[in-house]
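Student: I am new to this structure and would like to learn how its labels are earned. Could we go through some of them together?
Tutor: Gladly, let us take a look.

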Amino acid sequence: MPADLPAYLQIAAELRGRIVAGELAPGAKLPSESRLMTRFGVSNTVTKRAIAVLKAEGLVEGRHGSGVYVRRVRRLVRDSQGRDQRRRGGSTSPFARDVTSSGQRPGWEHESAEVGCPDAIAARLGVEPGDPVLRTRYRYLADGSPIQLATSYEPLAITRGTPVELPEDGAAVGVVARMDAIGVRIDECVEEVIARAAHPDEIERLHLPSAGALMMVVQRTYHAAGRPVETADIVMAADRYQLRYRWPVE
């Protein structure tokens with residue numbers, strides 16, 4: 001650990017390491033502020049800042065009059081294995097399969113609108129900035145609680161006037177099934193994962209701590225014969241999700 005790291009971050013890092021290692025298990029009580037002050041030779045203000053970091057990361061929670069405890073977090077696993085395989089019957093929503101596998105009930109809210117393609121999205125879709133795209137904003141739920149956000153973009157040059165122009169109004173569920181329905185066969189999916197702090201609207205919509213929440217953002221693009229046909233930013237709180245990637249080694 002860098003010697004010049006502020007004391008409160010050193011304390012947070014040690015406690016975080018103990019939590020991740022399982023030494024402080026879910027439901028365990030953290031050492032009191034007075035014990036942390038004695039152990040690290042710091043003031044009460046420093047220990048409070050350290051605990052505030054862990055609270056913002058969603059690792060611990062305070063209980064009035066009792067202390068600070070490691071949170072019991074039920075993580076949803078987003079498994080890449082077979083994620084976008086074509087299926088006969090049943091839901092073709094990968095999110096629905098993830099939530100159902102965890103023993104919870106999936107659901108989502110959505111809002112679609114035709115917009116001019118933003119510059120950054122145009123680069124991902126291989127279209128010109130301002131070209132017409134259908135933007136759909138989602139909030140995904142597990143047992144009624146918000147757990148994930150997504151914003152998808154599809155070129156209207158592909159879907160306009162087809163039965164799948166509006167993503168949630170047709171019989172087919174999921175991008176792969178919808179594109180299959182209009183003869184566009186997706187054959188590749190590219191994902192890039194980044195981490196960043198939560199934006200204010202994400203804090204509100206996902207019911208996150210008021211500051212400091214860490215997000216994972218999956219930038220996903222589907223291709224058909226080399227042509228991008230849909231791209232999306234999928235946003236999830238880092239403490240609520242586990243990403244699992246598997247692939248064959250040849």
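Tutor: Let us start with R18, which counts as partly exposed because its relative accessibility is 23%, and partly exposed is the class between under 20% for buried and over 50% for exposed. Please keep in mind that this is a predicted model.

Student: R18 forms a salt bridge with E23, so what makes this pair a salt bridge?
Tutor: The closest N and O atoms of R18 and E23 are 3.1 Å apart, and the cut-off for a salt bridge is within 4 Å, so the pair qualifies. In general, side chains of opposite charge can pair when their charged atoms come close.

Student: Why is E23 called exposed?
Tutor: E23 has a relative accessible area of 54%, and exposed means over 50%, so the label fits.

Student: How many salt bridges does a search of the whole structure find?
Tutor: The search finds 11. One of them joins R78 and E191, with the closest N and O atoms 2.9 Å apart. This pair links distant parts of the chain, with R78 in strand β3 and E191 in strand β7, 113 residues apart.

Student: How do you know whether R78 is buried or exposed?
Tutor: R78 has 5% relative accessibility, and buried means under 20%, so R78 is buried. Its partner E191 is partly exposed, with a relative accessible area of 24%.

Student: What makes E14 and R39 a salt bridge?
Tutor: Their side chains meet at 2.6 Å, N to O, and the limit is within 4 Å, so they meet the rule. E14 sits in helix α1 and R39 in helix α2, 25 residues apart. E14 is partly exposed at 25% relative accessibility, whereas R39 is exposed at 55%.

Student: What is notable about the phi of D143?
Tutor: D143 has a positive phi of about 55° although it is not a glycine. Most residues other than glycine have a negative phi. D143 lies in the loop between β5 and β6, and it counts as partly exposed at 40% relative accessibility.

Student: And where is A225?
Tutor: A225 is in the loop between β8 and β9, and it too has a positive phi of about 55° without being a glycine. A225 has a relative accessible area of 73%, and the cut-off for exposed is over 50%, so A225 is exposed.

Student: Why is A232 called buried?
Tutor: A232, in strand β9, has a relative accessible area of 2%. Buried means under 20%, so A232 belongs in that class.

Student: What makes Y245 able to join a nonpolar surface patch?
Tutor: Y245 has a relative accessible area of 35%, and patch residues need over 30%, so Y245 passes that cut-off. Together with V193, W247 and V249, Y245 makes a patch of about 480 Å².

Student: Why is the largest cavity called a cavity, and what is its volume?
Tutor: The name cavity is used because a 1.4 Å probe fits there but cannot get out. The largest cavity has a volume of about 40 Å³, and its lining has 6 nonpolar, 1 polar and 2 charged residues.

Student: Which element gives the most to the lining of the largest pocket?
Tutor: That is α7, with 5 residues. The largest pocket holds about 530 Å³ of space and is lined by 33 residues.

Technical notes
Residues numbered from 1 in each chain as written. Predicted model: local features only at pLDDT ≥ 70, side-chain atom pairs only at ≥ 80, totals over all residues. Heavy atoms only, no water. Patch = residues over 30% accessible without salt bridge, like charges linked within 9 Å, V, L, I, M, F, W, Y side chains within 5 Å. Areas by Shrake-Rupley, 256 points an atom, 1.4 Å probe, with all protein chains shown as cover. Buried < 20%, exposed > 50% of the residue type's maximum accessible area, 1.4 Å probe, protein only. 1 Å grid on protein atoms, 1.4 Å probe; cavity = no way out; pocket = protein on both sides within 12 Å on 5 of 7 lines; lining within 4 Å. Points joined across faces, edges and corners; volume = space filled by probe spheres on them. Nonpolar A, V, L, I, M, F, W, Y, C, P; charged D, E, K, R; others polar. Helix = DSSP H or I, 4+ residues; strand = E, 2+ residues; numbered from the N terminus.
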